[in-house]
Amino acid sequence: MTLSFAELKKNLKKDVTGFPAVKVAVLADSASQFITTAIKGYGIELGLNPEIYEADYNQVEQQVYDPASGLYVLQPGYVIIIQSTEHLLQNFYKQDNRAAFADEVIARVAGLYGTLSQRLKTQVIINTYIEINDQVFGSYAAKTPASFLYQLRKINLGLMDLAIQNTGLHITDLASLASVKGYENTFDTKMYINADMVFGIDFLPVIGRSIGQIIASTLGKSKKCLVLDLDNTLWGGIIGDDGMESIMIGALGMGKAFTELQRWCLELKNRGIILAVCSKNTVEIAQEPFISHPDMVLRLDDISVFVANWENKVDNIRHIQQVLNIGMDSMVFLDDNPFEREMVKTAIPELTVPSLPDDPADFMLFLRGLNLFDTASFTNDDKDRTAQYRQQAQRAALQNSFSNEADYLASLNMQSRVKSIDKFTLPRVAQLILRSNQFNLRTIRYTEADIASIAASPDYFTLTFTLEDRFGDNGLIAAIILKKADKNTLFIDTWIMSCRVLKRGVENFTLNQIVEVARANGFGKITGEYLPTAKNGIVKDHYQNLGFTQNNGIWELYTDNYTTQQTFITSK
Amino acid sequence: MDTEQILNQVNDIFKDVLENNDIILSAATTAADVEEWDSLNHIQLIVAIEKRFGIRFTTAEIYTWKNIGDMCTVIAQKLQK
C-alpha cells in the first residue's frame, strides 16, 4: 500500500482545505528536493497539510546553530534531519581515530537536538543510517571497531539510545526499512553520482511514509483497535463447516501462517492495541477454539469485544466502535474476504481495511510492511488496556440491572487517587494529552517536556485522577492544568479525560477538587474555555452543565457560592 | 520495437511524469522545448524510461544526448542486445 513517487507528486495538487497544517523543516546532508516531495505527498495522504521549509544543500549545522537561519524564521513543529550513509562514509575516511567515530557522531547529534529543543518548541525526527559494509575489511568488519560497519551500527544503536533519553526525538528507522528490499533497491548510483541524491525513486515513498506516520502519531492519529475476522483470517478453514478439529492452526496444513498472525496480534494486545472479533458465525461455535483448541494463541481473555452473528459486518463494526467508544479512524479491520472488505470500506471510509493477500503465507510480510501501529509513546498503562475494556463490558451489563443511574454509580464503589503531576504520572499524562480527542476542552497538545516544566512552575497547579471500582483499576484517567491568570483567578488551561470513564460522574468529582485547590490557595474565581474541534463535541456544554456562566466566550465560576457537586467517587 | 514505437512510449512516459498530456515529442525535441523538463524531472524521466524498457543507461550516455532522437537511439541499441 506504499504509494509510488509519481502518486505522491500528484498528491501535492490535492485540495487540502480542512487538513491540519504542520510546519516541517527538512535538513539534509544530501540533495533533498525529492525527499521533501515524498514527505509532503505522504503527509497529505495521511490527512495533514505539511508546510515545508527546505534548507539549502548540506547545511544541517549552519541552520541549527545560526539563530538567524531560515529554520528559526519558520518556527517548525517538526525538524527532520536526513543523513546519508554515503556522506557518513566519506567523513569516516577523513577521521584519524576510527574507534571514536561513532561517539563523535552521537555527540554531534545530541548537540543538534539540544540546540533545537532549546530554541524551538519542536519535535525532531532523525534517521538511522542504512547499513552497508564498505568491504575494506570484508567479513572481519564485524569483528573490529576500526571498521565502518562497526562504527555505523554503533551509531544506529546510539541514536536509538538518544531517542530513549529524549521524548522529543524520534527515529525514522531507515536501516530496517531498507533491509526489507535491500540496499541496492534504495540507492540509484546515477542519481547519487550526478545529483547527490542518495535515495532511489522507489525508496523515497518509504521514507515519506515513515516520517508522515511519525508526525501523525505525535498528533494523536494512531490506531487503537484491531478488529479480526475468524475463518481464513485467524485460522485456516471454515469452522462452521469443517469443525474445530479441522481448522488450520499450529502444525496442521498451513496453520503456521495463522499461528504467526495470532502471535503478532497477541504482541499488539500486550502493547496496548485492543483486539476485537467480528465474524459471521454462531457465537458458541466461533468461541470454541478460543476456549479449547490447544494450538490457539489467542484466548477469549485477549479479545475485548467478541461479535459473532449473521448480521452484516458494517453494523457489527459500528457496534464494536460504540462499545469501545473510540474513533473509526483509529480502527483497523482484517478480513480475508475481498467482498466483505469492500462493503465495509464503502460504508465506513474512515476505517483502515488492508487488502490482505490471497495467500495466508504472505500475511505477515504484508502486514509488517504496512506499519499500521505506529505510536509516539508507550507506558505501563497500555498493557492493561484489554482488561479495562473487558471490565467496561461487565459494567455495561451491571448497569442494565439498575433502573436509575445513581443507584448504579453508587454500586460501583468508585475511588480516585488525586495528586499533582509528578515524575511517575508524567508519561501517562503526556500520553493522555496527546491522544484524548473527545473529552478535551482545549486540545492543546503539550509535549512531555512542556508538561514537566508546567508541573515545576509556580504559575500552575496540576491535578491527576485515577479511578478504580469493584471491577478493576482504570489507572490514570484524567488530568487538569490550572494556570494562575491573575491574583484571584485560576484558568483551566487543560481538562482532559479518558473516554473509558465517561458517564461515571468523574467531571463532578474533578470540579470539586479544582474548587478545593482554588479555595486552599485563595482564588475566588475559576475560568474555563471550550475550543471546538471535529471530535470534541461531547464537551460542548461541559462548563454550562457544571454551573459555570458565560462571559464573552469564557466560562466563569465563583468559589464563594459553589455548591459541591454530587459525586459517587471517594478520594483514596 | 522500431524507433517509432520507442518514441511513442517515451512520449507517454513524458506525459505521465511531467503531468502534461499535450506534450508531443519528435526526434529533434530538446529540454528547451518542453517547459516542465528541468533537471529534477529529468532524473525521474530517466528512472521511468529505464523501468519501462527494462534497461540501464550509463552516466556517460546521459551526458551525450542532445535531443530525444539520441535518447531513442540508445534505447533501441540496448533493446537489441
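Reader: What makes strand β15 (residues 525–528) and strand β17 (residues 554–558) of chain A a pair?

Author: DSSP has to find at least two bridges between two strands before they pair. Here there are four, in the antiparallel sense, so β15(A) and β17(A) qualify. One spot to look at is A:T527, which stands opposite A:E556 in β17(A). As for the names, strands (E, at least two residues) and helices (H or I, at least four residues) are DSSP runs, numbered from the N terminus.

Reader: Before we go on, what kind of model is this, and how are things numbered?

Author: It's a predicted model: local features need pLDDT of at least 70 and side-chain atom pairs count only at pLDDT 80 or more, while totals for chains, interfaces and linings use all residues. Residues are numbered from 1 along each chain as its sequence is written, chains are lettered from A and ligands numbered from 1 in the order in which they are written, and side-chain values use heavy atoms, with hydrogens and water left out.

Reader: How do you know that strand β16 (residues 549–551) of chain A pairs with β17(A)?

Author: By the bridge rule again: β16(A) and β17(A) have three bridges, antiparallel, so they pair. In β17(A), A:E556 is the bridge partner of A:T549. The hairpin of β16(A) and β17(A) has two residues between the strands, and A:N552 takes a positive phi near 55° there.

Reader: Why are β2 and β5 of chain A said to stand at the edges?

Author: Picture an open sheet of five strands in the order β2-β1-β3-β4-β5 (chain A), with parallel pairing. β2 (49–54) and β5 (169–172) each have a single partner strand, so one side of each is left without a neighbour in the sheet. Neighbouring strands here are turned by 25° against each other on average, direction ignored. Inside this sheet, β1 (residues 21–28) and β3 (residues 78–82) of chain A pair over five bridges in the parallel sense, with A:V26 bridging to A:I80.

Reader: What does helix α2 (residues 33–45) of chain A lie across?

Author: It lies across β1, β2 and β3 of chain A, at about 165° to β2(A). Such angles run from 0 to 180 degrees between N-to-C directions, with axes fitted to C-alpha atoms, for helices over the stretch in contact.

Reader: Why does A:S30 count as buried?

Author: A:S30 has 1% relative accessibility, and buried means under 20% relative accessible area (exposed is over 50%, partly exposed in between, with a 1.4 Å probe and protein chains only), so A:S30 is buried. A:S30 is found in the loop between β1 and α2 of chain A. Contact means heavy atoms within 4.5 Å. A:S30 touches A:I35, A:Y57, A:H87, A:D196 and A:V198, leaving aside residues up to four places away in sequence.

Reader: And B:Q44, why is that one buried?

Author: B:Q44 has 7% relative accessibility, so the cut-off of under 20% is met. This residue lies in helix α2 (residues 39–53) of chain B. Not counting residues up to four places away in sequence, B:Q44 touches A:F5, A:K9, A:F34, A:I201 and B:V17.

Reader: What makes a space a cavity, and how many of 30 Å³ or more are there?

Author: On a 1 Å grid over the protein atoms alone, a cavity is a set of points where a 1.4 Å probe fits but cannot get out. The count comes to four cavities of 30 Å³ or more. About 50 Å³ lies in the largest, a volume being the space filled by probe spheres set on the points, which are joined across faces, edges and corners. Lining residues have an atom within 4 Å of a point. For the largest cavity they include A:Q83, A:N127, A:L174 and A:F199.

Reader: How does a pocket differ from a cavity?

Author: A pocket is an open set, with protein on both sides within 12 Å along at least five of seven lines. The second largest pocket has a volume of about 470 Å³. Of its 19 lining residues, A:N325, A:Q392, A:Q399, A:L502 and A:K503 lie nearest its centre. The largest share of that lining, seven residues, comes from α18(A).
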